[in-house]
Each structure stands twice: as structure tokens, then as C-alpha cells.
Amino acid sequence: MIMLDGVAALADRYDGFILDLWGVVHDGRKPYPGVADALGKLKARGKRIAFLSNAPRRSFVVDDLLTGMGLDRALWDGTMTSGELAWRHLKHRDRADFAALGTKALHIGPERDLSVPAETGVELVGSAEEADFVLNTGPEPARGNHDIEPYRATLAACAARRLPMLCVNPDRHVMVGEDRVICAGALADLYAELGGPAAIEIGKPDPACYPPVLELLGITDRARVVAIGDSPHTDLAGAQSAGIDAVWALTGLAAHAHGTKPDPALLAQVAASEGVRPVAALMGLRW
């Protein structure tokens, strides 16, 4: 595994940068050290930067979160989220699986994710008996974000009715500071175990996420674009399936799994076991 200390080594090779957010740009609370400087130096060299996140909320909500963390909005050209993609499909019903969902949803997730069903014609209901489908955006503060068990009874009731599930974040876990918490993907796995239909998962690693991001970048030549992410399962696999070079950021989940001084040979073995071939590993999003 080629190990890079910063993104300076990538600046001449690529014109466009697709960056994961949680675990690469920030830790859920604040940007990682050096991020703003690295983004600024890439922009100063004429590079295009877009964020691609499995965040289950719309892009403008995420942009506001980032500026609230102190990042200058001029540092990136656009943001695409799984929540934004799900909102588009719910709004326009442009896919057969979305057209078949119905309009009454039982939402599992926090209030901050309600931008996804807003203005789509979806009505939120309070029970499985009233619902046409399950809108899964992740854990709720009241039920906790470390364990799937508090969600079992609700999901079992939905599975008994064979309700389709829309999972708006395929991630299974994420790091919040030093805390590893569950995401919507973990609830989708439990739903399948309970006999529910396979969830419609919107977000990485689906290659359909990437054309909208390339539009934000304004770049058509995928050989001149690189994606940087901390998850082999979503970030690296998604980029690879879209024909885009991937760099494995050794922050976020990767740092939790492999430490701050990972063994390059071990990283190569892990990547191979995941079926991904990153062009390099990156110690952090810094210059």
C-alpha cells in the first residue's frame, strides 16, 4: 500500500476531488486539523472539490453544518448527499421502486433528517399499521445510537407487514469524535434478519451516486477525478464501481480499526479482502 502523508502528492494527477465528509473532513463535531488549509491549497491550484456523503439529510442542511463548523463555503464547489438523492427520487418518483413505495411513511430517525421527506408528498405516520413504507434515516436520540436492540420491536412490526424500507444511509457505523455509533445501514441489516424485504439503500457504494457529483465538479473525464474516503465498503467500493480512482483516508473508521500508525502490508490485505484497490492510503486530509 502506497502511504501518503497529505494530498499535495495528488494535486498534479487529478483535477477533481470527491471527498467523503464524516471521517475524512470532520469527526462529527469539528473539522480535522489541516483540512481547511488543504482545501484552500487545492482550490488555489484550480482544483474542483465536491463532497459526497451518506448523510441522510439534504445537501443544503449539510452545507450549513459545515459552515457552522467554521469551514468557508468557498472551499468547495458542491455537495451531494444520500438524503438529497433520496429526496429527488421521492419527489419525482422517477424509479419503479420509489413509485411503488406509497405516500405514508413510518420514520425511524432524528428530527434533523426531516428535510428528506419534506415537500415530497410523503406523510409521516406513527405506526406500522398506518404506514406504506419505512423511512430509515438512522438512530433516534430517545432510543440511543449504540445498540440496534431498542429498534427491534418497531422493525419487527414493520417486517410482519412486509413494508418496504427506504434506507437513506447505507453506512453501518460512523465515528463521532472517539465514539463509534450505529447508522441506518445497521437498522436495515436487522430488518432483513427479522424477515423484512431487502431495503432500498440510497448512497455509496451505489455507482449511481457519482454522475450527480461529476456534474457538480463539471468534469467528464473520470481518470482526472479521485475519491477520498475512510470506508472500504462504501467510499472505496463506490468509487471503484464508478470507474474512479480511490484513496483510502486513514482517519475516522479506518483510524478506529487500524490505529494511527497502520501497517501498509496489513492495509493491503484488508483492501484485498474487501475487493477494493485504492491507489494509495492517506494519513489525513492535510496538505
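1. P205 sits in the loop that runs between strand 11 (200–201) and helix 7. In this predicted model, the peptide bond joining K204 and P205 is cis, with omega at about 20°. A reader tracing the chain into helix 7 will pass P205 in that loop.

2. Helix 7 (210–217) also matters for the interior: it is among the elements that give two or more residues to the largest nonpolar core. Its share of this core, four residues, is the largest. The core as a whole has 39 residues, and those with the most contacts inside it are I18, L90, F133, L166, Y210, I244 and W248. Other elements giving two or more residues include strand 3 (48–53), helix 3 (82–92), strand 12 (225–229), helix 8 (232–241), strand 13 (245–249) and helix 10 (264–274). Apart from this core lies another, of 29 residues, with V7, V25, L42 and F51 among them.

3. What does F133 touch, beyond its neighbours within four places in sequence? Its contacts are L90, L101, G102, T103, K104, A105, L106, V122, L163, P164 and L166. L90 and L166 are, like F133, listed among the core residues with the most contacts.

4. Helix 3 is largely enclosed by the rest of the structure, because eight of its eleven residues are buried. The buried ones are S82, G83, E84, L85, A86, W87, H89 and L90.

5. G83, found in helix 3, counts as buried because its relative accessibility is 0%, where the cut-off for buried is under 20%. Leaving aside neighbours within four places in sequence, G83 is in contact with A55, P56, R57, R58, V116 and V168. S115 is 32 residues away from G83 in sequence, and the two C-alpha atoms are 8.0 Å apart.

6. Which residue follows helix 3, and what is the sign of its phi? The residue is R93, and its phi is positive, near 45°. R93 is a residue other than glycine, and it lies in the loop between helix 3 and helix 4 (96–99). Its relative accessible area is 23%, so R93 is partly exposed.

7. R162 also merits a check of its backbone. Its phi is near 55°, again a positive value in a residue other than glycine. R162 is placed in the loop between helix 5 and strand 8 (165–167). With a relative accessible area of 51%, R162 is exposed; the cut-off for that class is over 50%.

8. Helix 5 (152–160) and helix 6 (residues 184–193) have axes that come within 9 Å and cross at roughly 55°. Helix 5 is therefore oblique to helix 6. The crossing is right-handed. On the helix 5 side, R152, L155, C158 and A159 take part, and they meet L187, L190 and Y191 in helix 6.

9. Is E140 buried or exposed? E140 is buried, since its relative accessible area is 15% and buried means under 20%. E140 lies in the loop between strand 7 (133–136) and helix 5. Not counting residues up to four places away in sequence, E140 touches H107, I108, G109, P110 and Y151. With G109 there is also a polar pairing: the backbone nitrogen of G109 lies 3.1 Å from a polar atom of the E140 side chain.

Technical notes: Residues numbered from 1 in each chain as written. Predicted model: local features only at pLDDT ≥ 70, side-chain atom pairs only at ≥ 80, totals over all residues. Heavy atoms only, no water. Buried < 20%, exposed > 50% of the residue type's maximum accessible area, 1.4 Å probe, protein only. Polar contact = N/O pair within 3.5 Å; in protein donor to acceptor, adjacent residues only side chain to side chain. Contact = heavy atoms within 4.5 Å. Core = buried A, V, L, I, M, F, W, Y, C linked by side-chain atoms within 4.5 Å. Axes fitted to C-alpha atoms, helices over the stretch in contact; angles between N-to-C directions. Parallel < 35°, antiparallel > 145°, perpendicular 65-115°, else oblique. Left-handed = near helix turned anticlockwise from the far one by under 90°.
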